[in-house]
Structures are given as C-alpha cells and as structure tokens.
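I sat down with this one to jot notes as I went. Here is the thing I had open.

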Amino acid sequence: MSKQNGSNAPAAAPSDRRILFVPLQRFRFRRLLRLHLAHRESRNKFNLSETKKIREQKEEREGEETLVDIVRLNSLGKKSSLNTKLLKCEVYEDENPKKSHTMEAHQLQHQAACMRKALFDQGYLDEQFLQLEDLEDEANPNFVEEVVKLYYTDSARFIRNIELTLDKNPLDFEKLDDFMHQFKGSSSSIGAKKVQKECTQFQEYCKMGNFEGCLRTFQEVKQEHAALKKKLESYFQLARQAR
C-alpha cells in the first residue's frame, strides 16, 4: 500500500508544472511585445514633431521651386501651354527610371503577397501570425521575422530534449508529453498550424504509451518544423526586397 502511494505521489508534479508553464512559456515573447509597443509609442511622439517640421520644409521648398519655374517661363517669352507640356516631358524623362524601379517593387510585393497567401491556404500558418503582423510598423519593419527567429532558437532546444528523452530506457512518457507541450505552446505563438497539429498527435501517443507512434509522429513534427522554416525564410527575404 505504501508503494502505491509512493508511486502515485509524483504524478501530480507534471500536471502542476504544466499549469504553471502557461504564463512562463511565452515570457520572452510577451516581453518582446511590451518592448516593441513601448518603443513604438515613444517613436510616434517623436515623429509627430518631425513630420510637421518636414512637411513645412517641403511646402516651403515647393513654393520656391514653383516661383523659380514661373520666372524662368516668363523670361523665355514662350506660351505657358507649350512650356507646361515641355515641363511634363522633362518630368516624365527624369522619373522614367524611378517608374521602372517602382514597377519592379510592385512585382516583388505581388510575389511576396502570393507566397504569404499560400502559407495560409496550405495550412502552414493560422490567425496568430496575422496578430504578429499587426504589431509591425515603420520603426520595426522586421518585428515578425525577429519573433520567428526567436521561436526557432527555442524550438531547437525543445527538439533536442525530446530526442534525448526518446533515447532513454525505460521511456518516460510523462516527460516526453511535457517537452512536447512546451514545443506546442511555442509553435502556437507564431501560428505554426501544421507543427501544432503534429505536436497534438504526439501527445496522444504519449498518453497511450505508444513508443512507435511517438517516434513516427516526432519525425513528422521535425519535417513540418523544417518545412515552415524554409518557407518563412524565403518569404521574409522576398518581403525585404519588396520594400
């Protein structure tokens, strides 16, 4: 009877750890969000005065340029309509390289948008990724990419812990379930939908004590994890070029 009590006592520990893990597993992620929001607020206050100053300088400069154009046209003694046409041609010729560059940027933006859409259509990402995108601004244009890099740094550690636990004999299914629970929570923070699905299946096999199922599903987890990393890296690279 004492042996049974002794064997049942530690069983509550993983459950307690799992309950306590919920506020801990995203500590770094929440801290990064708070720093980002504080930085954006201070940046916006600074930009209000700077934007007003730049707008006033631009209006003053445009007014001076307009006055110079009028004086130049009058000194030439030509008709205003003809001079206006000539000026338009000059502007078109000067802006032609810019127009070509703009068209190229639009094409890259279109390609990046299609690649992003495919990630959702193919089930790699969910709405959590959209919430991360909402936190990006001009001051932090690579915010989502930074969060994703943080995720892959943390998840590599989780994968290593699971691999080491799978090599042990006898197998500790409760410990495996805990590690995969952490991995799943980290994956949900960036909206890694397919990875989360495989993590859930792995946990089901842990509950059943199915070693073969755990081993097989763990390979699926790593494959989806690597596939998403490759696709996101390509997307972020294209998105940077399109800016």
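Which residues have the most contacts inside the largest nonpolar core? I kept in mind that this is a predicted model. The core has 38 residues, and those with the most contacts inside it are Ile-162, Met-180, Phe-183, Phe-202, Leu-228 and Leu-232. I then looked up which elements give two or more residues to this core, and got α4 (80–121), α5 (127–134), α6 (143–166), α7, α8 (193–208) and α9. The largest share comes from α6, with ten residues.

**Leu-228.** I picked this one from the core list and checked what Leu-228 touches. Not counting residues up to four places away in sequence, Leu-228 touches Tyr-124, Leu-125, Tyr-152, Ile-190 and Ala-192.

**Helix α7.** Next I went to α7, which runs over residues 173–188 and has 16 residues. From its first C-alpha to its last, α7 reaches 22 Å, close to the 22 Å expected at 1.5 Å a residue. I looked at the start of α7 too: a side-chain oxygen of Asp-172 reaches to within 3.2 Å of the backbone nitrogen of Glu-174 there. Then I listed the buried residues of α7, which include Leu-176, Phe-179, Met-180, Gln-182 and Phe-183. Asp-177 and Asp-178 are also among the buried residues, as are Gly-185, Ser-186, Ser-187 and Ser-188.

**His-181.** I looked up the UniProt record, an unreviewed entry, and found that it lists His-181 for "modified residue: Phosphohistidine". In the model, His-181 lies in helix α7.

**Thr-217.** Is Thr-217 buried or exposed? Thr-217 counts as buried, at 4% relative accessibility. I placed Thr-217 in helix α9, residues 211–242. Leaving aside its neighbours within four places in sequence, I found Thr-217 in contact with Glu-198, Gln-201, Phe-202 and Tyr-205. Of those contacts, Phe-202 was already in my notes as one of the core residues with the most contacts.

**Cysteines.** How many disulfides does the structure hold? I got zero. Why is Cys-206 not bonded to Cys-214? Their sulfurs are 3.7 Å apart, and Cys-214 has the closest cysteine sulfur to that of Cys-206, so the gap is too far for a bond. The cut-off I needed here is 2.5 Å between the two sulfur atoms. I checked from the other side as well: Cys-214 is in no disulfide, and its nearest cysteine sulfur is that of Cys-206. Cys-206 counts as buried at 5% relative accessibility, and Cys-214 is buried with a relative accessible area of 0%.

Key:
Residues numbered from 1 in each chain as written. Predicted model: local features only at pLDDT ≥ 70, side-chain atom pairs only at ≥ 80, totals over all residues. Heavy atoms only, no water. Buried < 20%, exposed > 50% of the residue type's maximum accessible area, 1.4 Å probe, protein only. Helix = DSSP H or I, 4+ residues; strand = E, 2+ residues; numbered from the N terminus. Expected span 1.5 Å × (residues − 1). Polar contact = N/O pair within 3.5 Å; in protein donor to acceptor, adjacent residues only side chain to side chain. Contact = heavy atoms within 4.5 Å. Core = buried A, V, L, I, M, F, W, Y, C linked by side-chain atoms within 4.5 Å. UniProt positions renumbered as here; feature names shortened; annotations may be inferred.
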